Amino acid sequence: MSGTLTFEKAGTVAIEYAVQGIGGPPPRSGAGNTMQMPGGGAMRMH
Amino acid sequence: MQTKTTLMTLMAAAAFMLAAHGAEPAAPTAGANTIVIDNAWSRATPKGASVGAGYFTVTNKGSVPDRLIGVTSAVADHAEVHEMAMKDGVMTMRPLAGGLEIKPGQTVQLKPGGNHVMMFGLKQPLKGARR
């Protein structure tokens, strides 16, 4: 599930949410890969 | 005459160089700012649900403060950053006025029970990945 985050200075950053099952635990942090975005942002891929 | 003009040009150039050398260093710009989004996740919603939530960790690796001022979702009519706070013994949820500030070097976690993204008017249920 995709979306965007807009920051006052860094601009707009794309974000992709990993959707967890109903009642499932939240994902562990640190998983996935980080991708640098144009304009200085970055996002973590799952 | 020519010598006088050349001398004045040289003096002007020297004055410019001195002024430039003594100028204040340029302030950090937006381009120097680096925002890293980590561990973005959401929870599947039951059929017919109209709202969903999103969570992530945001780190400001830049040298100037930044502020999350807007969110969108491809599957919702609109989305907002909300905060949860205890008021008179009751947990309340409301839009975060003025956005969410992230100081240089700071990591802010949006998580259940705290700040989070609220998605309104879901166009479809949020579905978890099949394993």
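## A sheet shared by chains A and B

In chain A, residues 24 or more positions apart account for 20% of the contacts with a separation of 6 or more. Keep in mind that this is a predicted model, so confidence is worth a look before the details. Chain A has a mean pLDDT of 73, with 59% of its residues at 70 or more.

Let's start with what chain A is made of. There are five strands and zero helices in this chain, so read from the N terminus its elements simply go β-β-β-β-β. Of its 46 residues, 37% count as buried. The chain exposes about 2,400 Å², and 55% of that comes from carbon and sulfur atoms.

Where in chain A is the confidence highest, and where is it lowest? The high end is strand β1 (residues 2-7) of chain A, at a mean of 95, while the low end is strand β4 (residues 33-36) of chain A, at 45. Over residues 31-36 of chain A, pLDDT stays under 50, and the model has 20 contacts beyond four places in sequence for this stretch. Where pLDDT is low, the predicted coordinates should not be read in detail.

Now for the sheet that takes strands from both chains. Four strands make an open sheet in the order β2(A)-β1(A)-β3(B)-β6(B), and the pairing is antiparallel. At the edges sit β2 (11-16) of chain A and β6 (100-102) of chain B, each of which pairs on one side only. From one strand to the next, the twist averages 35°.

Follow β1(A) through that sheet. With β2(A), it pairs in the antiparallel sense over six bridges, and a hairpin of three residues joins β1(A) to β2(A). Within this pairing, G3(A) stands opposite I15(A) in β2(A). β1(A) also runs antiparallel to strand β3 (residues 66-73) of chain B, and five bridges join the two. Here L5(A) stands opposite V71(B) in β3(B), and T6(A) has G70(B) as its bridge partner in β3(B).

Which residues of β1(A) are on its covered face, and which are on the uncovered one? G3(A), L5(A) and F7(A) make up the covered face, whereas S2(A), T4(A) and T6(A) make up the uncovered one. Put the pairing and the faces together: G3(A) and L5(A) belong to the covered face, with G3(A) opposite I15(A) and L5(A) opposite V71(B). T6(A), the partner of G70(B), belongs to the uncovered face.

Over in chain B, strand β1 (residues 35-43) is where you'll find A40(B). A40(B) has a relative accessibility of 1%, so it counts as buried. In sequence, A40(B) and L110(B) are 70 residues apart, yet in space they are 9.1 Å apart, C-alpha to C-alpha.

How many aromatic pairs are there over all chains? The count comes to one. The partners are W41(B) and Y55(B), and their pair is tilted, at 4.6 Å centre to centre with 35° between the planes. W41(B) lies in strand β1 of chain B and Y55(B) in strand β2 (residues 51-60) of chain B, so the pair ties together parts that are 14 residues apart in sequence.

Are these two rings' residues buried or exposed? W41(B) has a relative accessibility of 5%, so it counts as buried. Y55(B) is buried too, because its relative accessible area is 10%, under the 20% cut-off.

Methods. Residues are numbered from 1 along each chain as its sequence is written. Chains are lettered from A and ligands numbered from 1 in the order in which they are written. This is a predicted model: local features need pLDDT of at least 70, side-chain atom pairs count only at pLDDT 80 or more; totals for chains, interfaces and linings use all residues. Side-chain values use heavy atoms; hydrogens and water are left out. Buried means under 20% relative accessible area, exposed over 50%, partly exposed in between (1.4 Å probe, protein chains only). pLDDT is the predictor's confidence in each residue, from 0 to 100. Contact means heavy atoms within 4.5 Å. Rings of Phe, Tyr and Trp (its six-membered ring) pair if their centres lie within 6.5 Å; planes under 30 degrees apart count as stacked, over 60 as edge-to-face and the rest as tilted. Accessible areas come from the Shrake-Rupley method with a 1.4 Å probe; for residues, only the protein chains shown count as cover. Two strands pair if DSSP finds at least two bridges between them. Axes are lines fitted to C-alpha atoms, for helices over the stretch in contact, and angles run from 0 to 180 degrees between N-to-C directions.
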